[in-house]
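Thanks for making the time this morning. I would like to walk you through one protein model, going from one part to the next, and I will try to be careful about what can and cannot be said.

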Amino acid sequence: NPILNATAGVAATTITTIIYNPVNVIRTRLQSLPAPSSNGGGMHNNKNPNGSTSTSAAASDHHRAAPGGRVVGLCKDLLHKEGIRGFFKGTTLNLSVAVFDGVLFSTVYELGKLSSDKGLIGA
């Protein structure tokens, strides 16, 4: 039944979009942040008198961020500035695109399946 399939597809798309939208918001915000320093994750290079450089291990340990620290900081900042609604920005647009994509895919699939079945019957 195409109507039942379409309804189930829209329901699944809606639930999936609502669940994963916070992940998309966090990913997009992380992509817009400036890149972390490229000198080894906070390691300081010290010039020696002979022109070579050495890395200070103590400075490295002191300035190295915890794994996932940027994500946690971003989430805390987003929650503080925009509240829980900030994690769901863009849900309407994501949902409309996902539903349209699902309907388009299902329609093309069902039509292809029907035309394939007709080809087999006529052969």
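In which helix is N5 found? N5 sits in helix α1, and please keep in mind from the start that what you are looking at is a predicted model. With a relative accessible area of 45%, N5 is partly exposed, because it falls between the 20% limit for buried and the 50% limit for exposed. Along the chain N5 and S106 are 101 residues apart, yet their C-alpha atoms are separated by 8.4 Å.

Let me step back for the overall layout. The protein has four helices and two strands, and if you read from the N terminus the order of the elements is α-β-β-α-α-α. The protein has 123 residues, and 12% of them count as buried.

Helix α1 deserves a little more time, since several of the later points return there. This helix covers residues 2-32 and bends by about 45° at Y20, with a proline, P22, following within four residues. P22 is also one of the buried residues of α1, the others being T13, T17, N21, V25 and I26. Further along, L30 is found in helix α1 as well, and at 25% relative accessibility L30 counts as partly exposed. L30 and L74 are 44 residues apart in sequence, while the distance between their C-alpha atoms is 7.6 Å.

That brings me to the pocket. The largest pocket holds about 250 Å³ of space, and the elements that give two or more residues to its lining are α1 and α4. There are 15 lining residues, and those that lie nearest the centre of the pocket are P2, N5, A6, S106 and T107, so we meet again the N5 and S106 whose C-alpha atoms are 8.4 Å apart. The largest share of the lining, nine residues, comes from α4. If we sort the lining by class, we find eight nonpolar residues, six polar ones and one charged one.

Staying with helix α4, I would like to turn to the aromatic rings. How many aromatic pairs does the structure hold? It holds one, and this pair, formed by F105 and Y109, is stacked, with 6.2 Å from centre to centre and 15° between the planes. Both residues lie in helix α4, residues 91-122, and they are four residues apart, about one turn of the helix. At 58% relative accessibility F105 counts as exposed, whereas Y109, at 47%, counts as partly exposed. The two labels differ because the limit for exposed is over 50%, and 47% does not reach it.

The last topic is charge. Side chains of opposite charge can pair when their charged atoms come close. In this model the count comes to four salt bridges.

Also within α4, K113 forms a salt bridge with E110, and the closest N and O atoms are 3.7 Å apart. These two residues are three residues apart in the helix, about one turn. K113, at 37% relative accessibility, is partly exposed, and E110, at 23%, is partly exposed too.

In helix α3, residues 69-82, K81 and D77 lie four residues apart, again about one turn of the helix, and their side chains meet in a salt bridge with an N to O distance of 3.5 Å. K81 is exposed at 61% relative accessibility, while D77 is partly exposed, with a relative accessible area of 35%.

Then there is the bridge between the side chains of E82 and K89, at 3.1 Å from N to O. E82 has a relative accessible area of 30% and is partly exposed, and K89, at 48%, is partly exposed as well. Which residues are linked with E82 and K89 in a network of salt bridges? The network takes in R29 along with E82 and K89.

To draw this together, I would ask you to take away the bend of about 45° at Y20 in helix α1, the pocket whose lining draws on α1 and α4, the stacked pair of F105 and Y109, and the network that links R29, E82 and K89.

Key. Residues numbered from 1 in each chain as written. Predicted model: local features only at pLDDT ≥ 70, side-chain atom pairs only at ≥ 80, totals over all residues. Heavy atoms only, no water. Phe/Tyr/Trp six-rings, centres within 6.5 Å; stacked < 30°, edge-to-face > 60°. Buried < 20%, exposed > 50% of the residue type's maximum accessible area, 1.4 Å probe, protein only. Bend = angle between axes of the 7 residues up to and from the residue. 1 Å grid on protein atoms, 1.4 Å probe; cavity = no way out; pocket = protein on both sides within 12 Å on 5 of 7 lines; lining within 4 Å. Points joined across faces, edges and corners; volume = space filled by probe spheres on them. Nonpolar A, V, L, I, M, F, W, Y, C, P; charged D, E, K, R; others polar.
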